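The exercises below ask for careful reading of a protein model, from its overall form down to single residues. Try each task before turning to its solution.

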Amino acid sequence: MSQYKHIIFNREATITRITFNRPHAHNALDREMSDELADAVRKVKKDRECRFLVFRGAGDTFCAGDDIKDFLTWTDDDPYWQARQYQETAQMIEDLTAITVAAVDGVCTGGGLELTLTCDFVVATDRSRWGMPEIDWEITPGWGGVTRLARFAGRRKTKEWNMVGQLFDAATAERYDLINRVVPAESLDAEVTALIGVLSEKNPITLRRTKFVLNKGADLPLSGAMAFEIPIQPFANKPNRFATDGMEDFAHPETRARRRRLSKSFWQD
């Protein structure tokens with residue numbers, strides 16, 4: 001049961017859901033909500049039984065970023081401390097052992113977009129709207145809207161989105177690697193459930209190792225990154241031999257076909 005005021009925190013079995021719950025303000029982040037988000041993510045970080053974390057927004061908006069009205073109450077010292085907290089929260093999300101999914105509907109701008117960049121998967125509706133409008137507030141993004149975004153979309157588009165400040169549609173976001181899948185609004189929950197269903201069937205140790213290698217290797221030269229691909233500890237081997245359940249299944253036509261059907265069942269184009 002959620003103990004927060006501006007987010008809903010719910011854990012069922014191995015899935016935790018964090019819902020931004022300020023629909024009257026387009027789920028914009030004020031200081032209180034950002035404090036709650038940081039606390040909730042720390043809870044997930046410590047939860048060894050949580051395998052999946054889903055972010056979504058209440059109402060018809062994912063998250064419109066920072067609450068500009070809240071900015072007007074800040075002192076000169078607040079931007080430093082708030083930006084530090086935003087960045088620490090973003091890095092904590094990216095480093096979670098749990099697989100993270102952003103389920104995006106409606107507006108996803110500023111801090112909302114920046115948060116999705118830290119997630120492993122992004123499923124978004126075809127009516128979602130994206131952008132980095134901070135230029136029109138005469139500020140720059142504080143938790144990845146320039147730096148992390150450029151690593152997804154490249155410098156050219158990141159400059160355009162940040163310097164012009166126009167919003168763009170889901171198809172554009174997908175084209176520039178911000179979204180895994182664009183779906184009708186009525187299918188969003190079902191698509192996220194299907195994704196988690198497929199991932200739940202994968203070996204959890206191999207899944208989290210793959211996430212770790214991808215995330216940590218992405219920031220390194222190739223020779224250094226490839227070192228992560230060498231297992232320091234064996235995989236889930238059979239006694240005294242290099243064999244996993246997956247390898248043994250692959251060696252037999254029936255079990256091989258079952259595993260292939262599972263992977264093919266999701267997101268068929």
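The exercises that follow concern a predicted model, and each one is worked through step by step.

**Exercise 1. Overall form**

Determine how many helices and strands the protein has, and what its radius of gyration says about its compactness.

*Solution.* Begin with the secondary structure, which consists of 11 helices and nine strands. The globule rule gives 18 Å for 269 residues, and the radius of gyration of the protein, 20 Å, is close to that value, so the protein is as compact as a globular protein of that length. Along the principal axes, the box filled by the C-alpha atoms is roughly 65 × 40 × 40 Å. Next consider the contacts between residues at least 6 apart in sequence: 65% of them join residues at least 24 apart.

**Exercise 2. Surface and charge**

Describe what share of the residues is buried, what the protein exposes, and how its positive and negative side chains are placed.

*Solution.* Of the 269 residues, 43% count as buried. The protein exposes about 15,100 Å², and 54% of this area is supplied by carbon and sulfur atoms. Turning to charge, there are 37 positive and 40 negative side chains, and 7 Å separates the centres of the two sets.

**Exercise 3. Two polar contacts**

For Thr-61 and Arg-148, locate each residue, decide whether it is buried or exposed, and name the partner of its side chain.

*Solution.* Thr-61 belongs to the loop between β3 (52-57) and α2 (68-71). Buried means under 20% relative accessible area, and Thr-61, at 5%, therefore counts as buried. Its side chain makes a polar contact with the side chain of Asp-60, at 3.5 Å. Leaving aside residues up to four places away in sequence, Thr-61 touches His-26, Asn-27, Asp-105, Gly-106 and Val-107.

Arg-148 is placed in helix α5, which comprises residues 147-164. With a relative accessible area of 15%, Arg-148 is buried. The side chain of Arg-148 makes a polar contact with that of Gln-91, at 3.0 Å. With the same sequence neighbours set aside, that is, those up to four places away, the residues touched by Arg-148 include Ala-90, Glu-94, Leu-117 and Trp-143.

**Exercise 4. A residue in a strand**

Place Arg-17 in its element, classify its exposure, and state its distance from Tyr-176 in sequence and in space.

*Solution.* Arg-17 is found in strand β2, residues 15-20. Its relative accessibility is 29%, so Arg-17 counts as partly exposed. Among the residues that Arg-17 touches, with those up to four places away in sequence not counted, are Ile-8, Phe-9 and Val-54. Arg-17 and Tyr-176 are 159 residues apart in sequence, and their C-alpha atoms are 26 Å apart in space.

**Exercise 5. Positive phi angles**

Explain what is notable about phi in His-26 and Asp-177, and find where each residue lies.

*Solution.* The background is that most residues other than glycine have a negative phi. His-26, although it is not a glycine, has a positive phi of about 55°. His-26 lies in the loop between β2 and α1 (31-46), and its relative accessible area of 44% makes it partly exposed. Asp-177, also a residue other than glycine, has a positive phi near 70°. Asp-177 lies in the loop between α6 (170-175) and β9 (181-183), and with a relative accessible area of 48% Asp-177 is partly exposed.

Methods
Residues are numbered from 1 along each chain as its sequence is written. This is a predicted model: local features need pLDDT of at least 70, side-chain atom pairs count only at pLDDT 80 or more; totals for chains, interfaces and linings use all residues. Side-chain values use heavy atoms; hydrogens and water are left out. Helices (H or I, at least four residues) and strands (E, at least two) are DSSP runs, numbered from the N terminus. The radius of gyration is taken over C-alpha atoms; the globule rule is 2.2 Å times the number of residues to the power 0.38. Buried means under 20% relative accessible area, exposed over 50%, partly exposed in between (1.4 Å probe, protein chains only). Contact means heavy atoms within 4.5 Å. Accessible areas come from the Shrake-Rupley method with a 1.4 Å probe; for residues, only the protein chains shown count as cover. Lys and Arg count as positive and Asp and Glu as negative; His and the chain ends are not counted. The place of a charge is taken as NZ of Lys, CZ of Arg, CG of Asp or CD of Glu. A polar contact is a pair of N or O atoms within 3.5 Å; within protein, one must be able to donate a hydrogen and the other to accept it, and residues adjacent in sequence count only if both atoms are side-chain atoms.
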